[in-house]
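Please look through the following structure with me, starting at a single cysteine and moving outward to the chains and the surface that they share.

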Amino acid sequence: MRELLNLTGYEYKKIFQKRSTWIALGAVLLWVLFAGIGGTLGEYYIEGEKVDSHYQMIKQERYALEHLEVQELNPEFFEKMQEDMAEFSETMEGISDNPKAQGNLIQYWKEYYKVYAPYSALYTLLAMMKNRIGDLDIEEIDGTNFYENRDRMMELFFQGEELSEQEIIFHEKENEKIKTPYAYGNMLGFDSYFKMQAPNFIFLAFAVAVILAPMYAGERTSRMDALVLSSRYGKNKLIQAKILTGLSFALFAALGFSIIFLLEIQAVYGLSGWNLPIQASVEGFYLNLPVNLLEFLGIALGCSAAALCMTAMIVMFCSAKMKTPFGVIIICFAFIFAPIFLVNLAADNRFLYMLVCSLPTSMYYARSVAYHHLLSIGNHCFYFFQWVPAVYFCLIAVLAGWSYRCFKNHQIQ
Amino acid sequence: MELIFDRVTKQYKNKLAVDRVSLSLKQGVYGLLGANGAGKTTLMRMMCGVLKPDSGEILYDGRKVEEEAYRDILGYLPQEFGYYPDFSAMDFLMYLASLKGIPRKQARGTALELLELTDLSPVAKKKIKTFSGGMKQRLGIAQALLNDPKVLVLDEPTAGLDPKERVRFRNLISRLGTERIVLLSTHIVSDVEHIADVILVMKGGAIIHQGSFSEIIQVIDGKVWECTADSKTAEELSKAYPVLNIREGQNGTLLRLVCQEKPAETAVSVVASLEDLYLYYFSETEQGK
């Protein structure tokens with residue numbers, strides 16, 4: 001074991017002595033930093049006139065959500081919302097048409113946004129509901145029909161997605177487990193995290209491809225293969241150490257960058273609404289999984305970390321099979337990109353759709369890990385986040401064994 | 001301590017690189033001589049377990065060379081010595097010591113000794129990418145000795161070394177050969193001549209001669225001649241006999257050649273060297289005859 005860890009340490013040393021590693025990690029860090037604070041940059045304009053900065057708007061919304069009088073989406077909440085918003089009949093975009101705003105737009109906007117801020121996120125949910133249902137007047141939704149409308153919205157989803165009866169029953173049971181009325185509060189941080197998780201991890205997957213591509217292929221290009229393969233541990237512990245290095249690197253990178261991103265999110269948006277149901281957030285509104293935002297964060301992050309480890313294993317497998325790291329990078333970039341385009345092409349075929357949605361890149365999308373399509377085995381139904389990591393685990397074991405064989409049997413010619 | 005090659009064969013597409021080689025190597029220094037493409041490197045790679053023979057097997061004391069136990073007693077300097085450019089010499093040796101299963105503390109002491117032996121102590125902490133060709137080669141020799149190997153395989157170890165370094169290296173190998181099997185290949189015939197107990201001559205993938213220097217030199221002993229001739233006679237002699245050396249002098253062309261009988265009136269018999277033997281065997285290959 002000590003030898004294995006010692007060799008793993010040297011594999012890390014090799015990785016971190018490459019300039020490409022630092023460039024790739026630096027690029028990911030810059031991206032993650034930008035992703036966290038990107039939403040705060042810039043100003044909000046109405047009719048070409050700057051009325052506020054995005055940062056101030058976020059700050060105001062966060063404060064409002066953290067200091068709600070009513071912290072549940074119940075009739076009382078909707079009544080208060082309607083009362084508060086009564087004096088502002090127009091939408092946010094149409095505010096400049098109000099005679100009261102003429103010549104006083106900035107001041108009028110500030111008054112408007114002070115009232116609107118606690119309900120901004122809820123209006124987004126209601127708009128999502130309307131988009132799906134169609135003939136729905138948002139103004140008429142209140143604490144008495146909000147949950148009925150949501151159920152109707154979900155029914156339409158199930159019809160549109162041609163879910164099986166077993167899946168529909170499963171989702172209905174899941175839906176019943178969600179405590180109503182929904183607790184409500186500051187979900188902004190979690191929403192931002194879920195929204196940016198996929199771009200962050202896709203960026204990180206590219207970096208992992210660049211960093212791990214030389215794992216085996218680099219031994220060939222540096223002509224170290226003859227030396228390492230003729231050494232005592234070259235055909236066993238070294239290969240184990242390489243696999244351990246690749247997988248642990250992917251895991252640490254996933255956790256490291258996620259923690260950095262979460263710290264940023266906490267600083268900007270706050271994570272105080274951790275115990276809200278995911279249905280109170282934009283990313284979880286269409287889902288039936290009965291978990292809170294913190295639990296869903298764990299699920300989404302776990303799936304993304306597993307997907308990144310899977311990507312890392314594929315990179316290492318290609319590296320063991322191919323002669324140069326460059327070829328490995330090209331293949332892996334294509335593999336990372338492909339699901340983004342394939343998901344729409346495969347939408348008509350359930351099997352292909354499930355297959356594409358189970359690819360690592362698809363698993364970076366928080367919403368898709370608990371989406372409506374389920375894997376049915378006998379009387380049991382499983383979400384993507386339940387069965388895909390198990391499949392990854394098996395595939396990682398198979399590919400690790402295969403890579404092991406490839407490098408062990410590599411012939412120096 | 002015995003390394004046995006039993007009808008070892010390796011073919012690359014339509015080229016037979018090693019052709020049914022059967023050998024038995026015991027303690028001592030073996031020099032492998034052969035032209036480019038003779039199969040020396042392929043034979044050495046198979047001996048180190050990094051290339052599988054198509055047929056036949058190589059056994060060390062009855063154990064296959066693919067086994068970990070064999071790799072544990074093996075030291076190998078490949079022809080194309082690879083390295084990690086950003087590692088320092090010390091890091092590189094410590095890494096290879098880990099690969100060879102040497103405990104860290106012991107490895108450190110051995111690495112320092114070997115750096116001293118190969119005159120690399122002053123640059124132990126410098127990155128290998130800053131090293132000259134000779135320094136890299138010395139580092140390669142050092143790494144091959146890390147685990148005090150019982151079988152030491154050195155493929156062109158003196159390439160890139162200056163004459164002083166070569167002499168030092170030859171002396172080192174001579175000492176090492178007293179308690180292990182050392183197989184080295186080189187194009188520098190004098191290295192083999194000085195240190196090899198047994199010389200193996202390889203041609204067309206087969207070992208065509210093996211024995212001590214005095215044994216194998218008998219092939220051309222008394223058949224090496226030197227003479228000075230005018231340019232016309234020199235050209236005729238060159239066509240008639242294998243020429244070992246040719247040099248233009250003040251009195252005409254000085255020729256060194258191999259033939260059974262005195263090739264010219266002015267020819268004098270000279271003592272044959274290993275280089276003469278090498279050129280005698282491999283001039284045909286070079287000339288494509």
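In this predicted model, A:Cys394 is a suitable place to begin: its relative accessibility is 47%, and because exposed would require over 50% and buried under 20%, the residue counts as partly exposed. The sulfur of A:Cys394 has its closest cysteine sulfur in A:Cys309, at 15 Å, and this is too far for a bond, because a disulfide requires the two sulfur atoms to lie within 2.5 Å. A search of the whole structure, over all chains, finds zero disulfides. A:Cys357 is accordingly in no disulfide, the nearest cysteine sulfur being that of A:Cys303, 13 Å away. With a relative accessibility of 6%, A:Cys357 counts as buried, whereas A:Cys394 is partly exposed.

From these cysteines we may turn to the beginning of chain A, where helix H1 covers residues 2-16. The 15 residues of this helix reach 21 Å from the first C-alpha to the last, close to the 21 Å expected at 1.5 Å a residue. Its buried residues are A:Leu4, A:Leu7, A:Thr8, A:Tyr10, A:Glu11, A:Tyr12, A:Lys14 and A:Ile15. In reading such a list it helps to recall that an α-helix has 3.6 residues a turn, so residues three or four places apart point the same way. Within chain A, the buried residues of H1(A) pack against helix H2 (19-37), helix H9 (188-212), helix H10 (214-221) and helix H12 (237-268). They also pack against two helices of chain B, namely helix H3 (89-99) and helix H4 (104-117).

This leads to the interface, in which 28 residues of chain A are in contact with 32 residues of chain B. The area buried between chain A and chain B is about 2,900 Å², with carbon and sulfur atoms giving 56% of it. On the side of chain A, the residues A:Tyr10, A:Leu227 and A:Arg232 supply 24% of the area that the chain buries against chain B, which is more than any other three residues supply. One of these three, A:Tyr10, is also among the buried residues of H1(A).

Chain B itself has ten helices and 14 strands, and its C-alpha atoms fill a box of roughly 70 × 45 × 35 Å along the principal axes. Of its 289 residues, 53% are buried, while about 13,300 Å² is exposed, with 48% of that area supplied by carbon and sulfur atoms. Among the contacts in chain B with a separation of 6 or more, 68% are accounted for by residues 24 or more positions apart.

Two residues of chain B show such surroundings in detail. B:Met90 has its place in helix H3 and is buried, with a relative accessible area of 8%. Neighbours within four places in sequence aside, B:Met90 is in contact with B:Arg108, B:Ala111, B:Leu112, B:Leu115 and B:Ala124. B:Met90 and B:Leu120, although 30 residues apart in sequence, have C-alpha atoms 9.5 Å apart in space.

The second residue, B:Thr41, lies in helix H1 of chain B, which covers residues 40-47. Its relative accessibility of 14% is under the 20% limit, and therefore B:Thr41 counts as buried. Leaving out residues up to four places away in sequence, B:Thr41 touches B:Gln79 and B:Asp155. With B:Gln79 there is a polar contact of 3.3 Å that joins the two side chains.

Methods: Residues are numbered from 1 along each chain as its sequence is written. Chains are lettered from A and ligands numbered from 1 in the order in which they are written. This is a predicted model: local features need pLDDT of at least 70, side-chain atom pairs count only at pLDDT 80 or more; totals for chains, interfaces and linings use all residues. Side-chain values use heavy atoms; hydrogens and water are left out. Helices (H or I, at least four residues) and strands (E, at least two) are DSSP runs, numbered from the N terminus. Buried means under 20% relative accessible area, exposed over 50%, partly exposed in between (1.4 Å probe, protein chains only). A polar contact is a pair of N or O atoms within 3.5 Å; within protein, one must be able to donate a hydrogen and the other to accept it, and residues adjacent in sequence count only if both atoms are side-chain atoms. Contact means heavy atoms within 4.5 Å. The expected span of a helix is 1.5 Å times one less than its number of residues. Accessible areas come from the Shrake-Rupley method with a 1.4 Å probe; for residues, only the protein chains shown count as cover. Buried area is the accessible area (1.4 Å probe) that two parts lose on being put together, summed over both.
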